[in-house]
Number of protein chains: 2
Amino acid sequence: MHSLRVDLGQRGYPIHIGTGILADPALFAPALSTGPVAIITDSNVAPLYLEALQKTLRKLEKDVLTVTLAAGEASKSLANIQEITGRLLSAGYGRDCTLCALGGGVVGDITGFAAAVYQRGVACIQVPTSLLAMVDSSVGGKTGVNHPLGKNMIGAFYQPRAVIADTDTLDSLPDREFRSGLAEVIKYGLINDQGFFSWLEDHMDAVLAREADALAKVIQYSCKDKADVVARDELEGGLRAILNLGHTFGHAIEAATGYDQYLHGEAVAIGIVMAADLSRRLDLIRESEQNRIYALVKATGLPTFAPAFPIDDYLAFMRVDKKAEGGRVRFILLRGIGSAVITGDVPPAAIAQTLQAFMEHEHA
Amino acid sequence: MHSLRVDLGQRGYPIHIGTGILADPALFAPALSTGPVAIITDSNVAPLYLEALQKTLRKLEKDVLTVTLAAGEASKSLANIQEITGRLLSAGYGRDCTLCALGGGVVGDITGFAAAVYQRGVACIQVPTSLLAMVDSSVGGKTGVNHPLGKNMIGAFYQPRAVIADTDTLDSLPDREFRSGLAEVIKYGLINDQGFFSWLEDHMDAVLAREADALAKVIQYSCKDKADVVARDELEGGLRAILNLGHTFGHAIEAATGYDQYLHGEAVAIGIVMAADLSRRLDLIRESEQNRIYALVKATGLPTFAPAFPIDDYLAFMRVDKKAEGGRVRFILLRGIGSAVITGDVPPAAIAQTLQAFMEHEHA
């Protein structure tokens, strides 16, 4: 097992990564509050890992309540916050309870938000079971639900008490979801860690084969890179925005397609390729660097072209994205592999050219 | 005008109290974020003060959007959080917007919570127009909405950027609501400020006549007492709970009557009388002190007896109240006028005796 720490003073917490650790009560005990526990999970994950987690918590003599949401992004709603808090209230759960998020990004995001707002804040433990959740959404305290008019538009910064990532749970992850998680992994190399990017170029076959050592390295480096950024800018006052590399384009792709054609990581993969292209157009990176980025995304089997929509539609979705302030769309661009820059000064013509270049055409 | 400060370091903020200050752009300017403004208000308050506040904000060249909720406690719902955030999203409001709560406790609570969760947090200014909101709910950052199963069960600690209390707005406050606000005022004297309690005994006639000087004193002292407690314990880790004097009984009365028979302050008034009785039964205060408390509550015209329900019903509502932890109900009791103590060790028999003593009987 490998452990690291998100260094946020009193709100700091450990990330444990290893095989079989879902069954280790000693990892859960220090993160639990004094009262009972509620496990929030979904209909895909519950049949696989719920019993194991219940068993672990009962060894700690905890009362355990379970809320199983329908699998899928549609569950990330205020209606389910009402449902979860209603279940907690019906069970008489007080401020001393702990919520455990057992699942992927959707479960982690809504559970973290439920913990943030139930009785104005209760303890939360993240138990991610997807690669995306392990390398990204379970770490850093961004929680929330979707509004019909925008994804993640209602939420809070709320740190968990611990992240417990049992890599055995990845065995059951469908291939498409596994690859989707790799988009965020590539992102860490690009924004922060040139050596990790090179390592990924050399070892993508082992990663895609889910070899244990390669997986462990991917998750450890990703968590460390994310924890470093979060520790320096918890509330996204500035630096933390670099974690959104590829997300301005990615969110627009998700929005334009109604959030049901692309997995988040797939949209981010296209967004990364576009961000690299835009960075090259603005002479921030060389064509050889852009080609390396394109090749690595391609090697993961992730998509590299966006669906065809009018460019104005894409631009409108970017403006409504929460990174738009004062009417200007902010982009995270690259100054090289391993170095990102945040800017609100991108010529609209360049954005349009990038969209045009990486959009699928019917007769391509 | 009188100004004081809630001392919370980077999250600290000013409270301005005075006549006609709703029209002073200079008080709003430092608290506004860089983007547009949304005023959240209700159907009672909008016809009276909305235009004045819009005018003030437009002097600062701000775009102003208005959301008018139906007046009343039922508006404090997650459904209205969805509605408010939907209006903000439709208008393209980003993280740089500011929400202004123009109204009483309901508007302040839901607006504060909307600000806490919209895009994970935007700026908020509290413009309280009721006595209760001026002396209590607008100060201290407790925000939230109700769940059908419990009041204030979904919320956040989220501090405003400023509280701007224009005492002219109290002129329009119905008598019953004005008196209701005085319950919290009496509370501050009881928990923290013996001199203020004595002053209230001597000047209740002037307060009830809404004499300007008396009102100013009431609001200034209440805000100062609350700000002191909040500065010492922002997240209610311990001390801040003394602000809940009378609220354990009070919330049970509100819950038992479906939240539509008693105003919050009326239920708190009965709760204060009960807490005094319980404190006397446990030999924490003398009978003469209990009598002074009863007399002052009575002098405000607030109720001092609870509606008749089985005692077990009241006890059940207390246990579900968020102050119950580990199954024990916490009470705030008095050790004298001006001094409160928090305890989870109250003999159930004594609670039952107090409920019995201050419950209305059909043939009383």
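I began with helix α8 of chain A in this predicted model, where the side chains of A:Asp228 and A:Lys224 meet in a salt bridge with an N to O distance of 3.2 Å. The two residues are 4 apart in helix α8, so about one helical turn separates them. I then looked up their accessibility: A:Asp228 is partly exposed at a relative accessible area of 33%, and A:Lys224 also counts as partly exposed, at 44%.

Next I turned to A:Lys226, whose side chain forms a salt bridge with that of A:Asp136, at 2.6 Å from N to O. A:Lys226 belongs to helix α8 (residues 212-232) and A:Asp136 to helix α5 (residues 131-137), so this pair ties together parts of chain A that are 90 residues apart in sequence. I noted that A:Lys226 and A:Asp136 are both buried.

I also checked A:Arg210, which forms a salt bridge with A:Asp175, with 4.0 Å between the closest N and O atoms. Because A:Arg210 sits in the loop between α7 (194-208) and α8 while A:Asp175 lies in helix α6 (residues 175-192), the pair ties together parts of chain A that are 35 residues apart in sequence. A:Arg210 is partly exposed, with a relative accessible area of 22%, and A:Asp175 is partly exposed as well, with 38%.

Finally I looked beyond single pairs and found a network of salt bridges that links A:Glu73, A:Lys76, A:Asp109, A:Lys151 and A:Glu254. For the whole model I recorded a count of 30 salt bridges over all chains.

Definitions and conventions:
Residues are numbered from 1 along each chain as its sequence is written. Chains are lettered from A and ligands numbered from 1 in the order in which they are written. This is a predicted model: local features need pLDDT of at least 70, side-chain atom pairs count only at pLDDT 80 or more; totals for chains, interfaces and linings use all residues. Side-chain values use heavy atoms; hydrogens and water are left out. Buried means under 20% relative accessible area, exposed over 50%, partly exposed in between (1.4 Å probe, protein chains only).
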